[in-house]
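User: I'd like a close look at one part of this model, and then how that part fits with the rest. Here it is.

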Amino acid sequence: MPVESIVVALISGGLSLIGVILSNAAAARRTEQKIETAQAVTDTKLDELTREVRAHNNFAQRVPVLEEQIKVANHRLSDLEKTNTLRIPPV
């Protein structure tokens, strides 16, 4: 086998190896960028959901207070209606 064939084969193999390494590095960068973008979208959605849950929790804490206030107001209205009925004779 002539030495030139071996040199040509080594050069071709080396260049092929460099091409594969560069191609893999570029693909890895693209994949990393896609992952970073997906993570940013996920973080944004999570922040929005957290905000909505907090708003819901605040509302859920206030509902029992409102229910109690309505109960008291209804009781007072009932008392006023009974008092008015006793004082004012029907016309």
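Where does Ile 6 lie?

Analyst: Ile 6 lies in helix 1. Before going on, a word on the ground rules: this is a predicted model, where local features need pLDDT of at least 70, side-chain atom pairs count only at pLDDT 80 or more, and totals for chains, interfaces and linings use all residues. Residues are numbered from 1 along each chain as its sequence is written, and side-chain values use heavy atoms, with hydrogens and water left out.

Helix 1 covers residues 3-87, and the protein has 1 helix and 0 strands. (Helices are DSSP runs of H or I with at least four residues, strands are runs of E with at least two, and both are numbered from the N terminus.) With a radius of gyration of 39 Å, well over the 12 Å that the globule rule gives for 91 residues, the protein is more spread out than a compact globule. That radius is taken over C-alpha atoms, and the rule is 2.2 Å times the number of residues to the power 0.38. Along its principal axes, the C-alpha trace spans about 130 × 20 × 15 Å.

Back to Ile 6: its relative accessible area is 40%, so it is partly exposed. The cut-offs are under 20% for buried, over 50% for exposed and partly exposed in between, using a 1.4 Å probe and protein chains only. Of the 91 residues, 0% count as buried. From Ile 6 to Asp 47 is 41 residues in sequence and 61 Å in space, C-alpha to C-alpha.

Val 3 is also found in helix 1, and it counts as exposed because its relative accessibility is 62%. Val 3 joins Val 7, Ile 11, Leu 15, Ile 18 and Leu 22 in a nonpolar surface patch with about 600 Å² of accessible area together. A patch takes residues with over 30% relative accessible area and no salt bridge; nonpolar side chains (Val, Leu, Ile, Met, Phe, Trp, Tyr) are joined within 5 Å, like charges within 9 Å. The areas come from the Shrake-Rupley method with a 1.4 Å probe, and for residues only the protein chains shown count as cover.

Further along, Glu 48 forms a salt bridge with Arg 51, with the closest N and O atoms 2.6 Å apart. (That means a side-chain nitrogen of Lys or Arg within 4 Å of a carboxyl oxygen of Asp or Glu.) The count by this rule is 1 salt bridge. Glu 48 and Arg 51 are separated by about one helical turn because they sit 3 residues apart in helix 1. Glu 48 is partly exposed at 35%, and Arg 51 is partly exposed at 48%.

Then there's His 75, also in helix 1, which counts as exposed at 51% relative accessibility. Its C-alpha atom is 63 Å from that of Gln 33, 42 residues apart along the chain.
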